[in-house]
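The following exercises introduce a protein structure through a series of short tasks. Each task is followed by a worked solution.

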Amino acid sequence: MKTNLKNLTLEELKQFCAGEGLQSYRSQQIFRWIWKKDKNRFLDITTLSKKDREVLEEKAELPQLEIIKILKSRDRTKKFLFRLTDGETMESVYIPTKKRKTVCVSTQVGCTLNCSFCMTGRTGYIRNLSSWEIVDQVRRVESIIDERISNIVLMGMGEPLLNYENVLKAIKIINSELGMNIGARKITISTAGIVPGILKLAKEPLQIKLAISLNAATDAKREKLMPINKKYNLRKLFDALDDYYSIKRKRITFEYVLIKGFNDSLIDAKNLAEITEDIPCKINIIPFNSIKNSKFKRPSPIIVKKFIDYLYPIAQAVTLRESRGSDIEGACGQLRARR
Ligand code: SF4
């Protein structure tokens, strides 16, 4: 079986080259041409000698994700549907603003966590993505938009901390100077609250950002939205976040999807301010992006404003995330589910 070189860190590529009799400096060259120059054929890595190229053709491969659909929103958001080499599909979203060009990438095909407001959760879990399948989403999006991506959020399909090793490897490739060279501070992992993963992440020597998909400030409400709360309740989650902050000293972002009549009252806002008051953080309010056949609805702009106006003076920092790509099924998992 051929070795997929896109699945290797620079260190692993060095070992591969040594094993195949290629000189050590070749590993840096190959890594650079794959991830910086986006070359997916050994033929296109023109600095290789004929002999080295022949070895690589025989022993290695450079697969690519196949883009099977691109939906373009009026607000310039683009949604990509990819086919993987085993025929499975998954999505990424490109979100441009004046200051940033962000890609929201997936980390699993489907998801085990079954959050009741999420289309991906409804479609079940198939498998983890390998590291190259995570990084190549960014590469393929860049190749279409023809602009450099500035920020990455691991917030698409799947729970990143349940695919820990592959996610960390992907981040190292994205962050590497010889690779995509995107600063760790521009990379955000968003988790539903996998406590062991948060504690493990705290020990990694990486300055990436952490976001928590919170969505409710009491266990009773959160369990209704996110079954994972039964395993890691709010107490356990906030204890882990205290530990995380004591090591990293980096502000945490809480995402709060605002759902009509469920978590959008002033009491909910008060509970949210209280539960987050002891940890340096920012709260990101995201009005629910409606999905088909969902019992949940989007609150009216008046309710959103009331919630934020009440929360703003009593919480540390509050932002409203405008909904992007709602005309192209911008919510996670919608496009794949439709297929
Ligand atoms: S919201 Fe995230 S963690 Fe929850 S089911 Fe969807 S993809 Fe999984």
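The structure is a predicted model.

**Exercise 1. Determine how the span of helix 6 compares with the expected span, and identify its buried residues and what they pack against.**

Solution. Helix 6 covers residues 164-175, which is 12 residues. From its first C-alpha to its last, helix 6 reaches 16 Å, close to the 16 Å expected at 1.5 Å a residue. The next step is to locate the buried positions. In helix 6 these are Asn166, Val167, Ala170, Ile171, Ile173, Ile174 and Asn175. Finally, the packing partners of these buried residues are helix 2, helix 5 (131-145), strand 8 (125-128), strand 9 (151-154) and strand 10 (187-191).

**Exercise 2. Describe the faces of strand 9 and its pairing with strand 6 and strand 10.**

Solution. Begin with the faces. In a regular strand, side chains alternate between the two faces of the sheet. In strand 9, Ile152 and Leu154 form the covered face, while Asn151 and Val153 form the uncovered one.

Turn next to the neighbouring strands. Strand 6 (residues 101-105) pairs with strand 9 in the parallel sense over four bridges, and Thr102 stands opposite Asn151 of strand 9. Strand 10 also pairs with strand 9 in the parallel sense, over three bridges; here Val153 has Thr188 of strand 10 as its bridge partner.

The last step brings in the helix: strand 9, helix 6 and strand 10 make a right-handed β-α-β unit.

**Exercise 3. Trace the pairing of strand 3, strand 4 and strand 5, and examine the turns of the two hairpins.**

Solution. Strand 3 (residues 66-72) and strand 4 (residues 78-83) pair in the antiparallel sense, over six bridges. Within this pair, Phe80 of strand 4 is the bridge partner of Ile70. The two strands form a hairpin with five residues between them.

Strand 4 is also joined by six bridges to strand 5 (residues 89-96), and these strands run antiparallel. Tyr94 of strand 5 is the bridge partner of Lys78. The hairpin of strand 4 and strand 5 has five residues between the strands, among them Gly87 with a positive phi near 90°.

**Exercise 4. Which class of exposure applies to Arg76, and which to Asn181?**

Solution. Arg76 lies in the loop between strand 3 and strand 4. Its phi is near 80°, a positive value in a residue other than glycine. Arg76 is partly exposed, because 13 other C-beta atoms lie within 10 Å and the exposed class requires 12 or fewer.

Asn181 is found in the loop between helix 6 and strand 10. Asn181 is not a glycine, yet it has a positive phi of about 55°. With 12 other C-beta atoms within 10 Å, Asn181 is therefore exposed.

**Exercise 5. Place Asp38 in the structure and list its contacts.**

Solution. Asp38 belongs to the loop between helix 2 (24-35) and helix 3 (50-59). Asp38 is partly exposed, because it has 15 other C-beta atoms within 10 Å. Not counting residues up to four places away in sequence, Asp38 touches Arg139 and Ser143. Asp38 and Ser326 are 288 residues apart in sequence, and their C-alpha atoms are 31 Å apart in space.

**Exercise 6. How many residues surround the ligand, and how do they divide by character?**

Solution. The ligand is surrounded by 12 residues, of which the closest are Cys111, Leu113, Cys115, Cys118 and Gly121. By character, the shell divides into seven nonpolar residues, four polar and one charged.

Key. Residues numbered from 1 in each chain as written. Predicted model: local features only at pLDDT ≥ 70, side-chain atom pairs only at ≥ 80, totals over all residues. Near = placed C-beta within 6 Å. Nonpolar A, V, L, I, M, F, W, Y, C, P; charged D, E, K, R; others polar. Buried ≥ 20, exposed ≤ 12 C-beta atoms within 10 Å, placed from the backbone. Contact = placed C-beta atoms within 7 Å. Expected span 1.5 Å × (residues − 1). Pairing = 2+ DSSP bridges. Right-handed = clockwise from strand over helix to strand, strands pointing away.
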